[in-house]
Amino acid sequence: MAKTAVISGVGAGLGAALVRRFAAEEYRVAMFARSAGFLKELAAEVEAEGHTAVAIPTDVSDPDQVKKGFEDVRRRLGPIDLLINHAGNAVWSRLEELTPDDFERSWRVCSYGAFLCSREAAVDMRDWGGGAILFTGATSGVRGRAGAIAFSSAKFAVRGLAWSLA
């Protein structure tokens with residue numbers, strides 16, 4: 001029986017590569033991102049290759065959108081077996097130029113979004129007795145770097161979330 005994967009933060013790079021890889025492994029893949037047009041194009045490409053991929057435009061920093069997104073996945077593809085938290089938001093700036101809103105947005109997308117998605121996916125995994133939650137990272141999640149104050153802080157938080165869940 002095919003399994004269902006949700007991948008958050010699907011963009012043209014690693015996110016799209018993850019979609020293609022898991023679809024090729026016969027997962028039914030749900031894609032979350034804010035860019036509806038890109039998701040629709042990628043879903044059509046994956047479907048043309050004979051696999052299942054659905055575009056679910058979702059801002060992972062919005063609890064209502066995340067809840068509705070997971071409800072849509074369950075309705076269309078079934079319970080979630082795999083979640084890959086990949087969403088990120090980077091603002092490259094020096095401390096003096098970094099706004100509180102930019103700093104908070106990085107945290108909301110990377111950390112808070114991963115929390116919201118993990119909490120939703122865990123319901124199915126607990127009910128079915130299995131599953132996996134994966135997190136993509138960055139060097140900035142292991143050591144800070146100049147100009148990446150918001151991103152590094154958010155990725156450090158993601159790392160802490162992953163360790164705590166494990």
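**Reading a predicted model: a dialogue**

Author: The structure holds 0 disulfides. It is a predicted model.

Reader: What is a disulfide?

Author: A disulfide is a covalent bond that joins the sulfur atoms of two cysteines. To count as one here, the two sulfur atoms must lie within 2.5 Å. The sulfur of C110 has its closest cysteine sulfur in C117, 12 Å away, so the two are too far apart for a bond.

Reader: Are these cysteines buried or exposed, first C110 and then C117?

Author: C110 has 3% relative accessibility and therefore counts as buried. C117 has 0% relative accessibility, so C117 counts as buried too.

Reader: How are two packed helices described?

Author: By the angle between their axes and the distance between the axes. Take helix 3, residues 63–77, and helix 4, residues 100–128. Their axes are 10 Å apart, and the helices pack at an angle of about 35°. The crossing of helix 3 with helix 4 is right-handed.

Reader: Which residues make the contact between helix 3 and helix 4?

Author: Helix 3 contributes P63, V66, K67, F70 and R74. From helix 4 come Y112, L116, C117, E120, A121, V123 and D124. C117, the buried cysteine discussed above, is thus one of the contact residues of helix 4.

Reader: How many residues of that contact are nonpolar, polar or charged?

Author: The contact of helix 3 with helix 4 has 8 nonpolar residues, no polar ones and 4 charged ones.

Reader: How is a pair of aromatic rings described?

Author: Two values are used: the distance of the centres and the angle of the planes. This structure holds 5 aromatic pairs. One of them is W107 with Y112, a stacked pair at 5.4 Å centre to centre, with 20° between the planes. Another joins Y112 and F115: the ring centres are 6.3 Å apart and the planes are at 25°, so this pair is stacked as well.

Reader: Where do Y112 and F115 lie in relation to each other along helix 4?

Author: Y112 and F115 are 3 residues apart in helix 4, so about one helical turn separates them. Through ring pairs, W107, Y112 and F115 are linked into a cluster. W107, at 35% relative accessibility, counts as partly exposed. F115 has 34% and also counts as partly exposed.

Reader: What is found in space around L165, the residue in helix 5?

Author: L165 lies in helix 5, residues 149–165. Leaving aside neighbours within four places in sequence, L165 is in contact with S118 and F135. F115, a member of the ring cluster, is 50 residues from L165 in sequence, yet their C-alpha atoms are 9.7 Å apart in space. L165 has 49% relative accessibility and so counts as partly exposed.

Reader: Where is A12, and how far in space is A12 from L42?

Author: A12 lies in the loop between strand 1 (3–8) and helix 1 (14–24). A12 and L42 are 30 residues apart in sequence, and C-alpha to C-alpha they are 8.9 Å apart in space. At 68% relative accessibility, A12 counts as exposed.

Reader: What sign does phi have in most residues other than glycine?

Author: Negative, in most of them. E26 is not a glycine, but its phi is positive, at about 70°. E26 lies in the loop that runs between helix 1 and strand 2 (27–33).

Terms used: Residues are numbered from 1 along each chain as its sequence is written. This is a predicted model: local features need pLDDT of at least 70, side-chain atom pairs count only at pLDDT 80 or more; totals for chains, interfaces and linings use all residues. Side-chain values use heavy atoms; hydrogens and water are left out. Buried means under 20% relative accessible area, exposed over 50%, partly exposed in between (1.4 Å probe, protein chains only). Axes are lines fitted to C-alpha atoms, for helices over the stretch in contact, and angles run from 0 to 180 degrees between N-to-C directions. Helices (H or I, at least four residues) and strands (E, at least two) are DSSP runs, numbered from the N terminus. A crossing is left-handed if the near helix is turned anticlockwise from the far one by less than a right angle, and right-handed if clockwise. Contact means heavy atoms within 4.5 Å. Ala, Val, Leu, Ile, Met, Phe, Trp, Tyr, Cys and Pro count as nonpolar, Asp, Glu, Lys and Arg as charged, and the others, Gly among them, as polar. Rings of Phe, Tyr and Trp (its six-membered ring) pair if their centres lie within 6.5 Å; planes under 30 degrees apart count as stacked, over 60 as edge-to-face and the rest as tilted.
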